[in-house]
Amino acid sequence: MDISIIPSAALGWIGRTPKGTGDVWNPYIFAEFLDYLLLPIGALVFADFYLTDQKEGAYFIIITRSSSDTYHLSGALLCFLGAFGLVLIPFLMFYPVCFVLFPHEAMINPFSNTRSLLELSYIKENAVLYPNLFYTHPHLSNLIYIFYNSMLAGAWALFSYTLSHFLQFSRILIYVLPTAVLLFLGNLTNLLDWRNSISIDLYMNPTWYSGPRYPSIFWAYLLIPLFFSAFVIMVRIHKRKVDEL
């Protein structure tokens, strides 16, 4: 490649999905992974432990040796940490490879790029989250998205575990339902008003320029499943104590 279009290590990271022209297919495959597989794969680690123990008859044996509270709280913690580590560790292990494949610093000539100069010079409002960090500290910005996606996988895996209390008839459903609902809501808002879409794919990587992004939605995707799961777990633990009395 001509040196004028070789990205730097920060820009060459696979998590920075480019807009491009469709010729750069590897990052697009990675974007599809984030959209469709990140949450189900995170949930596969440990989200079904309650259903598995119920089916195998191990649940009642475990709580007689410990307690129901300890079982559910420790299981929820492992559910979050398992999905978090599953995403975080490969991301962090791969990141140094960027410095082998790409130079530490680079200058991309817009006249040699596949995108038009007019498009490059047009800056959309709210095109990126935290622009000062994104433009001046790109490696730190990448690391934030690595930890964000890892926490996102952990939070929604915990949400899948919470669903297992209500959807005991289908293990597959607790894996795919959160992703299906999020994709449906994202596509629905795209159809209604793409300029104000809340699609989750806008918040999983830093450089998808298909619509504006807002910090409140960025944090809502992470905090809502965490708070909802914590609330449901606490309510069910309290209810068990009342029933035992």
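**Cavity lining and a nonpolar patch**

Visitor: Which residues line the largest cavity?
Guide: Leu129, Tyr130, Leu133, Phe134, Ser141, Ile144, Tyr145 and Phe218 line the largest cavity (grid points, 1 Å apart, where a 1.4 Å probe fits but cannot get out, with lining atoms within 4 Å of a point). The model is predicted, so local features need pLDDT of at least 70 and side-chain atom pairs 80 or more, while totals for chains, interfaces and linings use all residues. Residues are numbered from 1 along each chain, and side-chain values use heavy atoms, without hydrogens or water.

Visitor: How many cavities of 30 Å³ or more turn up, and how much space lies in the largest?
Guide: A search of the whole structure finds 1 cavity of 30 Å³ or more, and about 50 Å³ of space lies in the largest cavity.

Visitor: Which helix supplies the largest share of that lining?
Guide: The largest share, 3 residues, comes from α9, and α8 (131-136) and α9 (138-163) each supply at least two lining residues (helices are DSSP runs of H or I, at least four residues). The lining divides into 7 nonpolar residues, 1 polar and no charged.

Visitor: Switching to the surface, which residues make the nonpolar patch?
Guide: Tyr36, Leu37, Ile41, Leu44, Val45 and Leu86 make a nonpolar surface patch of about 510 Å² (residues over 30% accessible, side chains joined within 5 Å), and helix α3 (residues 38-46) gives the most to the patch, with 3 residues.

Visitor: And where does Val45 lie, and why does Val45 count as partly exposed?
Guide: Val45 lies in helix α3, and Val45 counts as partly exposed because its relative accessibility is 36%, between the limits for buried (under 20%) and exposed (over 50%).

Methods. Patches are made of residues with over 30% relative accessible area and no salt bridge: like charges are joined within 9 Å, nonpolar side chains (Val, Leu, Ile, Met, Phe, Trp, Tyr) within 5 Å. Accessible areas come from the Shrake-Rupley method with a 1.4 Å probe; for residues, only the protein chains shown count as cover. A salt bridge is a side-chain nitrogen of Lys or Arg within 4 Å of a carboxyl oxygen of Asp or Glu. Buried means under 20% relative accessible area, exposed over 50%, partly exposed in between (1.4 Å probe, protein chains only). On a 1 Å grid over the protein atoms alone, a cavity is a set of points where a 1.4 Å probe fits but cannot get out, and a pocket is an open set with protein on both sides within 12 Å along at least five of seven lines; lining residues have an atom within 4 Å of a point. Grid points are joined across faces, edges and corners, and a volume is the space filled by probe spheres set on the points. Ala, Val, Leu, Ile, Met, Phe, Trp, Tyr, Cys and Pro count as nonpolar, Asp, Glu, Lys and Arg as charged, and the others, Gly among them, as polar.
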